[in-house]
Amino acid sequence: MAASSSVYNPYEHREVFAPLSNIDAFISLLKCVVGTGILAMPLAYLYSGMIGGTVLTIITTIVLIHGMHLLILCMVESSRRQEMPYCSFPESMSYAFSVGPSWCRYCSKASAYVVDGVLGLAHYGVTVVYIVFVAENCRQLLVAIHNQNVDLRIFIAVVGFLVLPLFLVRHLKYLVPFNICANILMYMGFIIIIVYLFRGLPAFGDRHMFGDPIKLPLFFGIVLFAVTSVGVMLAIEAKMKTPQKYLGWFGILNLASFFVIITNIIFGVMGYWRYGEDLAASITLNIPTDQLFSQLSKALIAISIFLSYPLSGYVTIDIIMNRYIASNRELKHPHFIEYAVRIIFVIIGTLNGIAFPNLGPLLALVGAFSISLLNLVFPACMELSLYYREPKGYGLGKWKLWKDIALILVGIVILSYGTYAAVVQIIEEYGEGNKSSRVNERHLSDPLLKIIAETMQPPEAGTDSPIML
């Protein structure tokens, strides 16, 4: 469809069942971003220093959030031009390419499928990791309290069964109470960890203010994995009662990002200040594991992650239902079909966790694609294409053009480095010469992948988990 000359406002025509209030959106947004990745922030400060880490954390977060702003603005512009109440990420990508340079038109339809694939796989991988994460924490608590060691796969099956009723909640609005509980539990667990960090602090001057420039890629790798969740961020905006309040200087997205920055900086500064060169990949590995409060923090964070499962899985289900099963047709029993899809989704994810508890290398590969493409490359390409044929579309001095090119280059660097690291580890992990499925320092040839894997992925039963508390 050609660009519309009317002053069409998509927000005025958007109708949402069970919409989210601004408070609901803020709570859900905070939950989707604050997670286990924050536990690796102290190690990021080890690589960047106190001052360097604080400044770079703020800059990196701003760049990623700008990518989200850019993406949503392009989606709204695509909706306005097509006079649609809402245009999804894949639909906006396809439309932007169709009105961009001539060579982009040939891949406009394919680009929508690429977005669907990257989004769906990324959030599916996160849900599998959530199940394994909770299962491993439960197993460790049982060992600590009753000194009984049970196979991790049994716990994975139990967690998958227990999360099923929770995942049958279809609307984000009705997930808000669970997100509130998850946020409270997560921050209670963080507070307990902070208490340990304040004990036995050395002199502040004993820590470096700036890190080694050669190790800065490791810093950026940690921060990138701890800040963003594109699919859930978009889903929250789409379900808001007043989506126009999502963006802006004091919009919901920026306010939640401010809290994320503060939390990341506190954990990074305090963790590095307390443990210095002795830091492990996750700060939880440095605190005592045989004390009541450390075990309580483990339980609190595990329950919080358990309650976060439906929020992460929502994105993949939304893609399956609205983009493929119910696309361009009305279903006789849409609710029944969606419930069936959700049940199958949980079953497949649980079986995936049972068969391959070590998803670190594969998740790192998906993460490299999702962060670089969804946060940076795709939004920049969309803006370049949307305003390609407008004389002054790129602004004074074509600053938007140069800014988008810079975003694309940064995204390509992240994609290249992350993909290389992940592929090397996949070859070593699943190659003929490696019979072990555990991710450990001996098998990891790339330091960044080691951090990502240890922060996000628990090992098989009978081993010490690097991401557990």
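Me: Leaving aside neighbours within four places in sequence, what is Lys403 in contact with?

Reply: In this predicted model, Lys403 is in contact with His66, Leu70 and Glu383. Contact here takes heavy atoms within 4.5 Å. Lys403 itself lies in helix H16, residues 399-430.

Me: Why does Lys403 count as buried or exposed?

Reply: Buried means under 20% relative accessible area. Lys403 comes out at 19%, so it counts as buried.

Me: What makes H12 mostly covered?

Reply: Same cut-off, under 20% relative accessible area. Of the 24 residues in H12, 17 are buried.

Me: How does the reach of H12 compare with what is expected at 1.5 Å a residue?

Reply: The expected span is 1.5 Å times one less than the number of residues. For the 24 residues of H12 (252-275) that gives 34 Å, and the helix reaches 35 Å from its first C-alpha to its last, so the two are close.

Me: What follows H12, and what is the sign of its phi?

Reply: Gly276 follows H12, and its phi is positive, near 55 degrees.

Me: How many helices and strands does the protein have?

Reply: There are 17 helices and zero strands.

Me: How much of the protein is buried?

Reply: Buried residues make up 58% of the 469. The accessible surface still comes to about 20,700 Å², with 68% of that belonging to carbon and sulfur atoms.

Me: What share of the contacts with a separation of 6 or more comes from residues 24 or more positions apart?

Reply: That share is 82%.

Methods. Residues are numbered from 1 along each chain as its sequence is written. This is a predicted model: local features need pLDDT of at least 70, side-chain atom pairs count only at pLDDT 80 or more; totals for chains, interfaces and linings use all residues. Side-chain values use heavy atoms; hydrogens and water are left out. Helices (H or I, at least four residues) and strands (E, at least two) are DSSP runs, numbered from the N terminus. Buried means under 20% relative accessible area, exposed over 50%, partly exposed in between (1.4 Å probe, protein chains only). Accessible areas come from the Shrake-Rupley method with a 1.4 Å probe; for residues, only the protein chains shown count as cover.
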